[in-house]
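Here is a short report on helix packing and aromatic pairs. Please keep the sequence and the model in view while reading.

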Amino acid sequence: VIVILLGVLLLKPRFQDGILSKPKKDTKFLIFSFLGCLGAVNAAGLVFMLYYQLIHLLGGSFSSPQISLLSGDPLAMIFLLLYLCILGPVLEEIIFRGLILKSLEPFGQMSAIIASSLFFAMFHMNLVQLPTPFFMGLILGFVTIRTGSVFPAVVFHILNNTLRGALPLLMGGNTPLLNLMITMFTL
């Protein structure tokens, strides 16, 4: 968080020039874009399964990092939830869809979307998770370009992290309600 805040302060972005400007309203586009974000996570899961199988066939292996809110420390749980559901998405969108995407836009919108998505995926420093932030970044980049603002990307990122990250952790594992929610998201 400190590094991201320092980056924002040192780069002194022009926030009024599309980073924090008011988004163009296009309700239908925004609804389909949010559904696309949910779908991107599912598509990323398929890509992950493919490269997991490839690595396994080549004799390699890797494990998925575990994050648990059930450690018993309520203060740690509160801080993790605040970062996962609010602070992380806001700062990451300002950096990746605001500063980086906007800085790369003169080289072409599609190039800027792809590059900022790749940087976003690498920022997560997790081979297991790599396809998910990359695909999400593609959609969030497109949404930012189309609406002229980072606000919709921030909202979508918050909703995604809350629905896919915080709720399962808070529900304490494999429950029928959680399974129903995951099935609905997948559909």
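## Aromatic pairs

The count of aromatic pairs comes to four, where rings of Phe, Tyr and Trp (its six-membered ring) pair if their centres lie within 6.5 Å. The model is predicted: local features need pLDDT of at least 70, side-chain atom pairs count only at pLDDT 80 or more, and totals for chains, interfaces and linings use all residues. Residues are numbered from 1 along each chain as its sequence is written, and side-chain values use heavy atoms, with hydrogens and water left out.

One pair is Phe29 with Phe142. Their ring centres lie 5.8 Å apart and their planes stand at 65°, so the pair is edge-to-face (planes over 60 degrees apart; under 30 is stacked, the rest tilted). The pair links distant parts of the chain: Phe29 sits in helix H3 (residues 27-57), Phe142 in helix H6, and 113 residues separate them. Phe29 is buried, at 11% relative accessible area, while Phe142 is partly exposed, at 43%. Buried means under 20% relative accessible area, exposed over 50%, and partly exposed in between (1.4 Å probe, protein chains only).

Phe96, Phe120 and Phe123 form one aromatic cluster.

## Helix packing

The chain has eight helices and zero strands. Helices (H or I, at least four residues) and strands (E, at least two) are DSSP runs, numbered from the N terminus. Two packings involve H6 (residues 131-147).

| Helices | Angle | Axis distance |
|---|---|---|
| H3 and H6 | about 155° | 7 Å |
| H5 and H6 | about 140° | 8 Å |

Axes are lines fitted to C-alpha atoms, for helices over the stretch in contact, and angles run from 0 to 180 degrees between N-to-C directions.

How does H3 lie relative to H6, roughly parallel or roughly antiparallel? H3 is roughly antiparallel to H6 (over 145 degrees; under 35 is roughly parallel, 65 to 115 roughly perpendicular, the rest oblique). The H3 residues in contact (heavy atoms within 4.5 Å) include Phe29, Gly36 and Tyr51, and those of H6 include Phe135, Phe142 and Arg146. The contact divides into 17 nonpolar, four polar and one charged residue.

H5 (residues 109-123) also packs on H6. Their angle makes H5 oblique to H6. Among the contact residues are Ile113, Leu118 and Phe120 of H5, and Phe134, Leu138 and Phe142 of H6. This contact has 10 nonpolar, four polar and no charged residues.

Definitions and conventions: Nonpolar A, V, L, I, M, F, W, Y, C, P; charged D, E, K, R; others polar.
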